[in-house]
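Hi,

Here is the structure I promised to pass on. Have a look at it first, and my notes on what turned up are underneath.

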Amino acid sequence: MNKNFRVLTSGESHGKCLNAIIDGIPAGFPISEDTINHDLWRRQQGYGRGGRMKIESDKVEIKSGVRHGITTGAPVCLEIKNKDYENWKTVMDTAPVELTDENIAKIEEKSFTKLRPGHADYAGSVKYGFIDLRNVLERSSARKTAMEVAIGSIAKQILAQFGIAAVSHVTQIGGGKLEDNVKVRNGILTYKDKTYPLTEIGDLAENSEVRCFDEETSEKMKAEIDKAKKEGTTLGGKFEVYYTGLPVGLGSHVQYDRALDGLLAQAVMSIQAVKAVEIGAGTEVADMTGAETHDPFELKDGKIVRTSNNAGGIEGGMTNGETLVVRGTMKAIPTMKTPLPTVDIKDTTETEAHFERSDTCAVPACAVVAEARIATVLVDAFLDKFGGDSLKEVKAHYES
Ligand code: EPS
């Protein structure tokens, strides 16, 4: 858990709202609600999303800790309303409801006991002692990542004061993937021997329905999603997140729980459905020699720079001044129209898994969530190194 930028969230998928309290933001930082709402909108995009995204148009309300657009140093409280709650009032009411025939029918309609393989249903029901799996689904749902994006958006606005910026994009959805690995160094991406500034990659990704900068691959990804939808199945994929402008020395080598790569891995791995996290060259290093793996130093205009970035911007658990490169792999969503064999925990019989409205593919949204989760880790490490009570103090520490 973050120590300097402390966060707790609450909220169910079909409850009244999602909430968060952020403690530790110094006074004097400008925070724009519009910028947060734009990030929330980005999370809602992506070819292959389900019906819920048509109901919601997520908007944050900043409830405390900000006055006239500037942080006061007090805890910041955020709220995002679930529009869909209107349709779930009786089912999700926090107070006991009158057990009329009508209310019982409504609650029973949304109760389910047929375990979805791959979801939190089984372990959650055993752990918390529920038969109605609704109690597990509601908080395990990726709905809560909306609030995580709002928190990350605030973190990004803090980091932006110091020239730190994010880009995220999708490199694979099912069988649709970029034809070559991308390499990123010093804010420049190389793909098939061509170079692009990361800002251009970011713009292209923002304008793609699958968050992919390459048009041809985007079309392949969309075709994969169409096919999966037709078959009643779902798809996973891979995404990459980059941060530029990071100073040297965020994180530390001195204690394992301060190593930035470990903290980033935890933050990305714990996003729903993420199964692998890599930094820089990642798992490719197994096939590389030492000479191929490590990024040589050289002097350019008197400055120490690197000739490659296989380390992905982190050495010894600390930022090294190069572009941060984090890659995530997401499995296919476990809620499927064509269900897998399962067990009904109500009467321990074999049956087919529960299905309810879901997404065919959420990899583009996952990339936006990862961007946000990474921002909260980075801002925590940043405030650990340069922290103060006000923007003025943090700037003075940073400049020193
Ligand atoms: C999501 C909201 C959910 C799902 C999805 C992500 O809404 P609903 O359950 O009402 O359709 O669309 O969550 C999952 C696929 C999952 O398995 O949790 C969202 O806001 O991102």
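The ligand is surrounded by 13 residues, where a residue counts as near a molecule or strand if one of its heavy atoms lies within 4 Å of it. The closest of them are His 14, Arg 43, Arg 49, Arg 52 and Arg 357. His 14 has a polar side-chain atom 2.6 Å from an oxygen atom of the ligand, and for Arg 49 an N or O atom in the side chain is 2.9 Å from a ligand oxygen. His 119 also has a polar side-chain atom by a ligand oxygen, at 3.0 Å. (A polar contact is a pair of N or O atoms within 3.5 Å; within protein, one must be able to donate a hydrogen and the other to accept it, and residues adjacent in sequence count only if both atoms are side-chain atoms.) How much of the ligand does the protein cover? It covers 93% of the 480 Å² of accessible area that the ligand has on its own (Shrake-Rupley method, 1.4 Å probe; for residues, only the protein chains shown count as cover).

Before you go further: this is a predicted model, where local features need pLDDT of at least 70 and side-chain atom pairs count only at pLDDT 80 or more, while totals for chains, interfaces and linings use all residues. Residues are numbered from 1 along each chain as its sequence is written, and side-chain values use heavy atoms, with hydrogens and water left out.

Now the sheets. Helices (H or I, at least four residues) and strands (E, at least two) are DSSP runs, numbered from the N terminus, and two strands pair if DSSP finds at least two bridges between them. One open sheet has four strands in the order β1-β2-β6-β3, with antiparallel pairing. Its edge strands are β1 and β3 (60–64), each pairing on one side only. From one strand to the next, the twist averages 20° (axes are lines fitted to C-alpha atoms, for helices over the stretch in contact, and angles run from 0 to 180 degrees between N-to-C directions). Four bridges join β3 to β6 (residues 76–81), and Val 60 has Ile 80 as its bridge partner in β6. Helix α1 (residues 33–44) lies across β3 and β6, at about 140° to β3. Helix α7 (residues 145–160) packs on the sheet too, touching β1, β2, β3 and β6.

Another open sheet has three strands, in the order β9-β10-β11, again with antiparallel pairing. Here β9 (183–185) and β11 (194–197) are the edge strands. β9 and β10 (residues 188–191) are joined by three bridges, with Arg 185 opposite Ile 188. Helix α8 (residues 198–206) lies across β9, β10 and β11, running at about 80° to β11.

Two single residues are worth a look. Is Ser 13, in the loop between β1 (6–10) and β2 (17–23), buried or exposed? Ser 13 counts as buried because its relative accessibility is 4%, and buried means under 20% relative accessible area, exposed over 50%, partly exposed in between (1.4 Å probe, protein chains only). Leaving aside neighbours within four places in sequence, Ser 13 is in contact with Arg 52, Asn 82, Glu 138, Ser 141 and Arg 143, contact meaning heavy atoms within 4.5 Å.

Glu 371, in helix α12 (residues 363–386), is buried as well, at 2%. Beyond its neighbours within four places in sequence, the contacts of Glu 371 include Arg 42, Lys 156, Arg 211 and Tyr 243.

Cheers
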